[in-house]
Amino acid sequence: MADSGEGFVRDRRGCRHWGRYGAAGLLLCDGPRLLLQRRSWRVHHGRTWSIPGGALRAGESPWDGARRECAEELGGVPALQHLHTFVDDHGGWAYRTVVAAVAEPFRPRRGDGEGSAHRWFLPAGIDALRLHPGFAATWPRLRAELTEAGLPHND
């Protein structure tokens, strides 16, 4: 089995991050809607909203890692079309948000228990949510980048 990449590392600024090879998550789009999951109370930063994601394995691409994490946390992964990858570089460690459109209707199932709920949101509705701190810090830049690329929109 490939090196799981699990474990904490420090970036050049001394901040701790989960994932020795970085981490990636999957932001699913269905038209203008984005899928978020509410994190279980049992996990770090529980009861906050975020995207399925986690540590990359040794040699694993962000695309493959994000899809693997989605399958684990949402009970499967639909057919996808890659739209964009947002890189949040922390100086020696990076989190990559892979943005993909669902190619068919997708309804998340109960996965590995890291998420307690899943819901589709319009981008404007995300600002009012209690977000995972990492996603909260990234969301304004991610949203701006998605808007510049024409994805997604509220019409």
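This note walks a newcomer through a few features of this predicted model.

1. **The main core.** A good place to start is the largest nonpolar core, which has 16 residues. Leu27, Leu36, Ile126, Leu131, Phe135, Trp139 and Leu142 are the members that touch the most others in it. Two or more residues come from each of strand S3 (23–30), strand S4 (33–39) and helix H3 (133–148). The biggest share is that of H3, which gives four residues.

2. **A second core.** There is also a separate core of 13 residues. Among its members are Ala24, Leu26, Ala100 and Val102.

3. **Leucine 36 up close.** To get a feel for the main core, try centring your view on leucine 36, one of the residues named above. Leaving aside residues up to four places away in sequence, leucine 36 touches Leu27, Trp49, Ser50, Ile51, Ala117, His118, Arg119, Phe121, Ile126, Leu129 and Phe135.

4. **Helix H3, its span and its kink.** With 16 residues at 1.5 Å a residue, H3 should span 22 Å, and the 24 Å between its end C-alpha atoms agrees with this. Do look for the kink of about 45° at tryptophan 139, shortly before proline 140. Just after the helix, glycine 150 has a positive phi of about 80°.

5. **The buried residues of H3.** Which residues of H3 are buried? They are Phe135, Thr138, Trp139, Leu142 and Leu146. A general point helps in reading that list: an α-helix has 3.6 residues a turn, so residues three or four places apart point the same way. The cover over the buried residues of H3 includes S3, S4, strand S5 (49–50), strand S7 (80–89), strand S8 (94–102) and helix H2 (123–126).

6. **Histidine 17.** This residue sits in strand S2 (residues 16–18). Is histidine 17 buried or exposed? Its relative accessibility is 10%, and the cut-off for buried is under 20%, so histidine 17 counts as buried. Its side chain makes a polar contact of 2.9 Å with the side chain of aspartate 11. Beyond residues up to four places away in sequence, histidine 17 touches Gly7, Phe8, Val9, Asp11, His90 and Trp93.

7. **Leucine 83.** Over in strand S7 you will find leucine 83, which is partly exposed at a relative accessible area of 28%. Its C-alpha atom is 7.8 Å from that of valine 98, although the two residues are 15 apart along the chain. Again not counting residues up to four places away in sequence, leucine 83 touches Cys29, Val99, Ala100, Ala101 and Leu151.

8. **Aromatic pairs.** How many aromatic pairs does the structure hold? There are three, and two of them are described here. Phenylalanine 8 and tryptophan 18 have ring centres 5.0 Å apart and planes at 75°, so they form an edge-to-face pair. Phenylalanine 8 lies in strand S1 (residues 8–10) and tryptophan 18 in strand S2, so this pair ties together parts ten residues apart in sequence. Tryptophan 18 is partly exposed, with 38% relative accessibility. The rings of tryptophan 49 and phenylalanine 121 also make an edge-to-face pair, because their centres are 5.2 Å apart and their planes stand at 85°. Here the link is between distant parts of the chain, with tryptophan 49 in strand S5 and phenylalanine 121 in strand S9 (residues 115–121), 72 residues apart. Both tryptophan 49 and phenylalanine 121 are buried, and both touch leucine 36.

Key
Residues are numbered from 1 along each chain as its sequence is written. This is a predicted model: local features need pLDDT of at least 70, side-chain atom pairs count only at pLDDT 80 or more; totals for chains, interfaces and linings use all residues. Side-chain values use heavy atoms; hydrogens and water are left out. A nonpolar core is a set of buried Ala, Val, Leu, Ile, Met, Phe, Trp, Tyr and Cys residues joined through side-chain atoms within 4.5 Å. Buried means under 20% relative accessible area, exposed over 50%, partly exposed in between (1.4 Å probe, protein chains only). Contact means heavy atoms within 4.5 Å. The expected span of a helix is 1.5 Å times one less than its number of residues. The bend at a residue is the angle between axes fitted to the seven residues ending there and the seven starting there. A polar contact is a pair of N or O atoms within 3.5 Å; within protein, one must be able to donate a hydrogen and the other to accept it, and residues adjacent in sequence count only if both atoms are side-chain atoms. Rings of Phe, Tyr and Trp (its six-membered ring) pair if their centres lie within 6.5 Å; planes under 30 degrees apart count as stacked, over 60 as edge-to-face and the rest as tilted.
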